[in-house]
Amino acid sequence: METKKAIVFTGGSIKGAFQAGAFRAVTEKGFKPDFIYGISVGSLNGSFIINEVGKQKTTKENINWAAIANNLINFWKCNIRKPEDVVIKRSAVSLLYKGLFNRFDGLVDTTPIKNLVRKTISMNNIYQSCVGFKVGAVNISDGKIIYADITFPDFIDYVLASTAIPIMMPAVNIGGNESKPFLDGGLREVAPLKPAIEAGCDEIICISCHAEELTAEAFNYRNIMRLSERAMDIVVNENVNNDIAYCKRINMFCGDYDSFMGYRKINLKVIRPNAPINLDLQNFNTKDIQALIELGYQTAKCTI
């Protein structure tokens, strides 16, 4: 049976620069994915990669993965240099007004990242890609996670919704006249291993921005933005560990067999930092992004 390979990008907000460095190391090892799955910032990194694949208009065998990895790193270095490149803090007056009149739509305005994504990602390129791609976002009306692929109308909206951190960022309404509000896929799953396994992938590299364990962190819990980020970090950390544990349980169930009772053993490699990355959306600069890219690269080289 032919091996199907996948790269799974987890969530992690601005920590996603770690994934860019790790992806370079993965491509240097010659890993060529048939599918890419992304949640939150992982959906942004994944959509950039798929966009680059589509630009090349080539077959899976002839994709220049090294060039794509370099372009992803350059994208981060050139476009994500300070908080205002991603979000704009709303004024206290604006938040008070919107809260009083039930018009609250996030602590920050995400126009910068939305404009950057729409400027960078072309659906024409996405359609040309020969690599499968899915992103996860949560419908907050019914609480279900949706994995959207390029056949979904308004696909870019699902990418943006996947990155929308609850409370901090506004929900993304998708669906035209009968639109539903969507938020970060990390509310339900952070490492989308399950859909990759269900698609038949049996060789998977998961690139996570989160260490296995959180450590104590001193922060101002009265700052609602920091509190929101910290709360999401806790949720994300627990979810990503559970998602990885799901894959490991399958391998334990299969034991010494390649497959058992409908389950296939998964060749899983997890690339994640050894210690938590203490970087938040309110306070980072170019040096922080470059350091994260290098950390991702070195961590991946030691892992795979």
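D157 is buried in the predicted model, with a relative accessible area of 15%. The side chain of D157 meets that of R118 in a salt bridge, with an N to O distance of 2.5 Å. R118 lies in helix α5 (residues 111-120) and D157 in helix α7 (residues 155-162), so the salt bridge ties together parts of the chain that are 39 residues apart in sequence. R118, at 47% relative accessibility, counts as partly exposed. The pair therefore joins a partly exposed basic residue, R118, to a buried acidic one, D157.

Side chains of opposite charge can pair when their charged atoms come close. In this model the count of salt bridges comes to seven. Among them is the contact between K60 and D34, in which the closest N and O atoms are 3.8 Å apart. This contact falls inside the cut-off of 4 Å and is therefore counted as a salt bridge. K60 and D34 are 26 residues apart, and their pairing links distant parts of the chain. K60 is in the loop between α2 (41-56) and α3 (65-79), whereas D34 is in the loop between α1 (17-28) and β2 (35-39). The relative accessible area of K60 is 32%, which means that this residue is partly exposed. D34, at 16% relative accessibility, counts as buried, because the limit for a buried residue is under 20%.

A salt bridge within a single helix is formed by E52 and K55, whose side chains meet at 3.2 Å, N to O. Both residues belong to helix α2, and because they are three residues apart, about one helical turn separates them. E52 is buried, its relative accessible area being 8%. K55 counts as partly exposed, at 47% relative accessibility.

Salt bridges also connect R81, K82 and D85, which are linked in a network.

With regard to confidence, the mean pLDDT of the protein is 90. A value of 70 or more is reached by 97% of the residues. Confidence is highest in helix α1, at 98, and α1 is one of the two elements that flank the loop containing D34. The lowest confidence is found in strand β10 (residues 259-260), where the mean is 70. Where pLDDT is low, the predicted coordinates should not be read in detail.

Conventions:
Residues numbered from 1 in each chain as written. Predicted model: local features only at pLDDT ≥ 70, side-chain atom pairs only at ≥ 80, totals over all residues. Heavy atoms only, no water. Helix = DSSP H or I, 4+ residues; strand = E, 2+ residues; numbered from the N terminus. Buried < 20%, exposed > 50% of the residue type's maximum accessible area, 1.4 Å probe, protein only. pLDDT = per-residue confidence, 0-100.
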